[in-house]
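Here are some comments on the model, set out as numbered points. They begin with the sheet and its helices and then turn to the pockets.

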Amino acid sequence: MADLADETLSEEETDLVVVTGLSGGGRSTVARALENVGYYVVDNLPQALMLDMAQLALKAGGAARRTAMVLDVRSRAFSTDLAGAIRALGERGFSPRVVFVDADDEVLIRRFESVRRSHPLQGDGRLADGIAAERKLLEEAREQADVIIDTSHLNVNQLRRRVEELFGGEDARKLRITVLSFGFKYGLPPDADYVMDARFLPNPFWVPELREHTGLEEAVSGYVLGQEGAGDFVTTYASLIATTAPGFEREGKRYLTVAVGCTGGKHRSVAIAEELTSKLRDIRLSAHASHRDLGRE
């Protein structure tokens, strides 16, 4: 291989994404979405070839400057030290972004059953045994991930949009903030960095003319944001995020998930998430809103 010092691009300028996660979690959809925003995607790459692939991308430049490597346990060359392989890329000067796709066990089991496939680590056991073994195998890689995408409540189109929002368009090295509304009755988002609780506000569910509407609609949004304390709540969190964002960027964090919860994820959390996103954009932070549980009721 030619001397890398002679190349036009540096390792830092080579945009590498490593995609991994649980089987059935949505890696293939993530890979297709990355292709949509201009990445050269290498699927089912043997872990031992990660550094070689990164160096080839550096040497090739051009379209290969943005390269995504998708790894999963079906590869015969997969080992338990994926986290070590990612660290090795960093030691060679590359700055890979690691995306980990996850989902609840119950959801994964339904997905495997719907396509009548066994889990790659299932062996002679149950589906649940294979999933548990894979979680253990990928435990350290999950901890090292820059962004964790829980696909439990996302359809294919929602997952694709999420990936395109994270990796398309704007400067990919800036901190990107996802303001995620959710319903507490459906569980906490496992990828949340901050959790805000909007249940202190009156619930539009108990207002008959608002019950069937959502926080995306002006009538509900106006009702929620017009309540005492709502404006201060949003302003305070916007200030907190603005204060911590530069520190996160200095520490190399590129994705921040701010979860806003109410009871069902339909009214208060949606309205607050939209308003907070708007406030963050006003102060020139890269933010977008996502609504995990909207439409579940």
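1. Two strands are taken to pair if DSSP finds at least two bridges between them. This is a predicted model, and in it strand β4, residues 97–102, is joined by four bridges to β5, the two strands running parallel. Within this pairing, Phe100 stands opposite Ile148 of β5.

2. The pairing of β4 with β5 belongs to an open sheet of five strands, in which the order is β2-β3-β1-β4-β5 and the pairing is parallel. The edges are taken by β2 (40–42) and β5 (147–150), and because each of these has a single partner strand, one side of each is left without a neighbour in the sheet. Neighbouring strands are turned against each other by 20 degrees on average when direction is ignored.

3. Helix α1 packs on this sheet, where it touches β1 (15–21), β2, β3 (66–70) and β4, and its direction makes about 160 degrees with that of β1. Helix α2, residues 50–60, lies across β1, β2 and β3, and runs at about 165 degrees to β3.

4. Turning to the pockets, the largest one holds about 460 Å³ of space. Its lining is made up of 22 residues, and those that lie nearest the centre of the pocket are Gly24, Gly25, Gly26, Ser28 and Arg117. Two or more residues of this lining come from each of α1 (27–36), α4 (105–115) and α7 (156–167), so that α1, the helix that packs on the sheet, is also one of the elements lining the largest pocket. By class, the lining comprises six nonpolar, nine polar and seven charged residues.

5. The second largest pocket holds about 200 Å³ of space. The residues that line this pocket are Leu154, Gln158, Arg161, Arg162, Glu165, Ala289, Ser290, His291 and Arg292, and they divide into two nonpolar, three polar and four charged.

6. Which element gives the most to the lining of the second largest pocket? Helix α7 does, with four residues, while α7 and β9 (286–291) each supply at least two residues of that lining. Helix α7 therefore deserves a look in both places, since by the same element assignment α7 is also among the elements that give two or more residues to the lining of the largest pocket.

Note on methods:
Residues are numbered from 1 along each chain as its sequence is written. This is a predicted model: local features need pLDDT of at least 70, side-chain atom pairs count only at pLDDT 80 or more; totals for chains, interfaces and linings use all residues. Side-chain values use heavy atoms; hydrogens and water are left out. On a 1 Å grid over the protein atoms alone, a cavity is a set of points where a 1.4 Å probe fits but cannot get out, and a pocket is an open set with protein on both sides within 12 Å along at least five of seven lines; lining residues have an atom within 4 Å of a point. Grid points are joined across faces, edges and corners, and a volume is the space filled by probe spheres set on the points. Ala, Val, Leu, Ile, Met, Phe, Trp, Tyr, Cys and Pro count as nonpolar, Asp, Glu, Lys and Arg as charged, and the others, Gly among them, as polar. Axes are lines fitted to C-alpha atoms, for helices over the stretch in contact, and angles run from 0 to 180 degrees between N-to-C directions. Contact means heavy atoms within 4.5 Å.
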